[in-house]
Amino acid sequence: MAAGIAALQLLDELKPYTKLDALGRQVCVAALAAAQAKGLPLPGPAGGSMFSLFFTPTPVRDMPTALASDAKLFGKFFHACLADGVYLPPSATSPGS
């Protein structure tokens with residue numbers, strides 16, 4: 001518990017959330033712009049610093065619309081990002097994405 005309390009105190013002191021949210025938005029905006037430049041539909045639902053990328057022309061609002069996205073294209077995108085040192089969840093529907 002002492003480590004948890006110390007971590008919470010440090011987070012309260014450093015207040016990293018504004019910067020973290022800005023960085024998350026920056027990644028989302030860059031991915032959406034790159035997809036748009038290639039003519040690929042890529043809605044990016046986001047909340048704070050958390051986001052997911054789905055290759056689909058329709059808004060993703062729930063699991064059925066998420067599962068209707070192009071998983072093979074996401075796989076290609078994931079591996080290209082990984083090769084460039086960008087670590088994403090291995091699936092748009094992975095926990096935490």
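Here a trainee and a mentor talk through a predicted model, one helix and loop at a time.

Trainee: Let's start with helix 4. Which of its residues are buried?
Mentor: Helix 4 covers residues 71–83. Seen down the helix axis, the buried residues fall within an arc of 65°, so they line one face of helix 4. Those buried residues are F74, F78 and C81.

Trainee: Nice. And which exposed residues sit on the face of helix 4 turned away from that buried side?
Mentor: To count as exposed, a residue needs over 50% relative accessible area. On the face turned away from the buried side of helix 4, the exposed residues are K72, K76, H79 and A83.

Trainee: How far does helix 4 reach from its first C-alpha to its last?
Mentor: Helix 4 has 13 residues, and we expect 1.5 Å a residue. The reach in the model is close to that expectation, at 18 Å.

Trainee: Which residue caps the N-terminal end of helix 4?
Mentor: Look in the loop between helix 3 and helix 4 for a residue that is found there and is partly exposed, at 37% relative accessibility. One of its side-chain oxygens lies 3.2 Å from the backbone nitrogen of K72. The capping residue is D70.

Trainee: While we are at D70, how many Å separate its C-alpha atom from that of S91?
Mentor: Along the chain, D70 and S91 are 21 residues apart. In space, their C-alpha atoms are separated by 11 Å.

Trainee: What about the other end: which residue with a positive phi follows helix 4?
Mentor: Its phi is near 85°. The residue that follows helix 4 is G85.

Trainee: Further along is L88. Is L88 buried or exposed?
Mentor: L88 is placed in the segment after helix 4. The cut-off for buried is under 20% relative accessible area. L88 has 18% relative accessibility, so L88 counts as buried.

Trainee: Now helix 1. How many of its 13 residues are buried?
Mentor: The end C-alpha atoms of helix 1 are 18 Å apart, which agrees with the span its 13 residues should have. Helix 1 lies largely in the open, because its number of buried residues is zero.

Trainee: Which residues make the nonpolar surface patch?
Mentor: Helix 1 (2–14) and helix 2 (17–37) each supply at least two residues of this patch. One of the patch residues is L11, which is found in helix 1 and is partly exposed, with a relative accessible area of 34%. The patch has an area of about 390 Å², and its makers are L8, L11, Y17 and L20.

Trainee: Which residue in the loop between helix 1 and helix 2 is worth a look?
Mentor: Most residues other than glycine have a negative phi. One residue in this model has a positive phi of about 45° although it is not a glycine. It follows helix 1 and counts as exposed, at 54% relative accessibility. The residue in that loop is K15.

Trainee: One last stop, at T56. Which side chain does the side chain of T56 make a polar contact with?
Mentor: T56 is found in the loop between strand 2 (50–51) and helix 3 (63–67). T56 is buried, with a relative accessible area of 5%. At 3.2 Å, its side chain makes a polar contact with the side chain of T58.

Terms used:
Residues are numbered from 1 along each chain as its sequence is written. This is a predicted model: local features need pLDDT of at least 70, side-chain atom pairs count only at pLDDT 80 or more; totals for chains, interfaces and linings use all residues. Side-chain values use heavy atoms; hydrogens and water are left out. Helices (H or I, at least four residues) and strands (E, at least two) are DSSP runs, numbered from the N terminus. The expected span of a helix is 1.5 Å times one less than its number of residues. Buried means under 20% relative accessible area, exposed over 50%, partly exposed in between (1.4 Å probe, protein chains only). The arc is that of the directions from the helix axis to the C-beta atoms. A polar contact is a pair of N or O atoms within 3.5 Å; within protein, one must be able to donate a hydrogen and the other to accept it, and residues adjacent in sequence count only if both atoms are side-chain atoms. Patches are made of residues with over 30% relative accessible area and no salt bridge: like charges are joined within 9 Å, nonpolar side chains (Val, Leu, Ile, Met, Phe, Trp, Tyr) within 5 Å. Accessible areas come from the Shrake-Rupley method with a 1.4 Å probe; for residues, only the protein chains shown count as cover. A salt bridge is a side-chain nitrogen of Lys or Arg within 4 Å of a carboxyl oxygen of Asp or Glu.
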